[in-house]
Amino acid sequence: LNVHNDTRTRREMKSTEDFLASEMNKLSVQERSKALDELHCVGEELKETPEMIETSLAEFDKVLRERNEPIYNLATSQNRSYVEDPNFRLRFLRANGHNVNQ
């Protein structure tokens, strides 16, 4: 029974890989490069400015207050000063290219 499942799993994986390769081949070189960079979290480095940081932190704070997320509320109840530290919040902003809605 395991041999049958392994064979089926391999076929499904091969089918998926073939589909992905086919779709990637439809992209231009630039589109493919960008997609692979995004997949591997590399690419153009975001140039931060003090204004960008200030704006992003303010927007992030606003989004957090509006969403009223239970996990965020739990974290702040456990250690508010750590969770509200701008350096801690910048980690999330930088990981998402300063997109506060991710």
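Let us call a residue buried when its relative accessible area is under 20%, exposed when over 50%, and partly exposed in between, with a 1.4 Å probe and protein chains only. This is a predicted model, in which local features need pLDDT of at least 70 and side-chain atom pairs count only at pLDDT 80 or more, while totals for chains, interfaces and linings use all residues. Residues are numbered from 1 along each chain as its sequence is written, and side-chain values use heavy atoms, with hydrogens and water left out.

A good place to start is helix H3, residues 50-67; helices here are DSSP runs (H or I, at least four residues), numbered from the N terminus. Its buried residues are Ser 56, Leu 57, Phe 60, Val 63 and Leu 64. Because they cover an arc of only 130 degrees around the axis, they lie on the same side of H3; the arc is taken from the directions from the helix axis to the C-beta atoms. On the other side, Pro 50, Glu 51, Glu 54, Arg 65 and Glu 66 are exposed. After H3 comes Asn 68, with a positive phi near 50 degrees.

What do the buried residues of H3 pack against? Their partners are helix H4 (70-83) and helix H5 (86-95).

Now to the largest nonpolar core: Leu 57, Phe 60, Val 63, Leu 64, Tyr 72, Val 83, Leu 90, Leu 93 and Val 100, nine residues in all. Such a core is a set of buried Ala, Val, Leu, Ile, Met, Phe, Trp, Tyr and Cys residues joined through side-chain atoms within 4.5 Å. H3, H4 and H5 each supply at least two residues of this core, and H3 gives the most, with four.

Conventions. Expected span 1.5 Å × (residues − 1). Contact = heavy atoms within 4.5 Å.
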